[in-house]
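Please open the model in the viewer and follow the stops below in order.

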Amino acid sequence: MNTKKITKVMKALSNQNRFELFMEILKQNKSSYKNEDCFVYDIIEKFKIGAPTISHHLKELSNADLIITERKGKMLVARINEKTLTELKDVINLT
């Protein structure tokens with residue numbers, strides 16, 4: 001992972017609401033034994049912020065390649081970008 005990508009990821013995760021949203025998507029993805037996608041509607045209810053703000057945070061997470069979003073019918077689903085997560089783990093585990 002190059003330094004430009006690392007700083008983009010860190011910047012995206014530096015916002016508390018965005019970090020909590022990312023962790024909730026991660027939790028939803030990991031808790032599903034079928035590794036099913038996370039419906040954004042299901043996690044919006046857990047946060048006390050508006051849908052436009054959630055949408056902005058999702059866009060920032062997506063721009064940093066931390067999540068992948070797509071439409072399934074009328075629903076928006078999000079899943080963790082495992083490649084970026086693995087690269088980030090490798091950077092953090094440099095010790």
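Begin with the whole protein chain: of its 95 residues, 32% count as buried, where buried means under 20% relative accessible area, exposed over 50%, and partly exposed in between (1.4 Å probe, protein chains only). This is a predicted model, in which local features need pLDDT of at least 70 and side-chain atom pairs count only at pLDDT 80 or more, while totals for chains, interfaces and linings use all residues. Residues are numbered from 1 along each chain as its sequence is written, and side-chain values use heavy atoms, with hydrogens and water left out.

Next, display the C-alpha trace, which spans about 40 × 30 × 20 Å along the principal axes of the protein chain.

Switch to a cartoon view. The protein chain holds five helices and three strands, in the order α-α-β-α-α-β-β-α from the N terminus. Helices (H or I, at least four residues) and strands (E, at least two) are DSSP runs, numbered from the N terminus.

Then show contacts, meaning heavy atoms within 4.5 Å. Among contacts with a separation of 6 or more, 59% are between residues 24 or more positions apart.

Add the surface. About 6,400 Å² of the protein chain is exposed, and carbon and sulfur atoms supply 53% of that area; accessible areas come from the Shrake-Rupley method with a 1.4 Å probe, and for residues only the protein chains shown count as cover.

Finally, select Asp 65, in the loop between α4 (51–63) and β2 (67–72). Its phi is near 65 degrees, a positive value in a residue other than glycine. Asp 65 counts as partly exposed because its relative accessibility is 36%.
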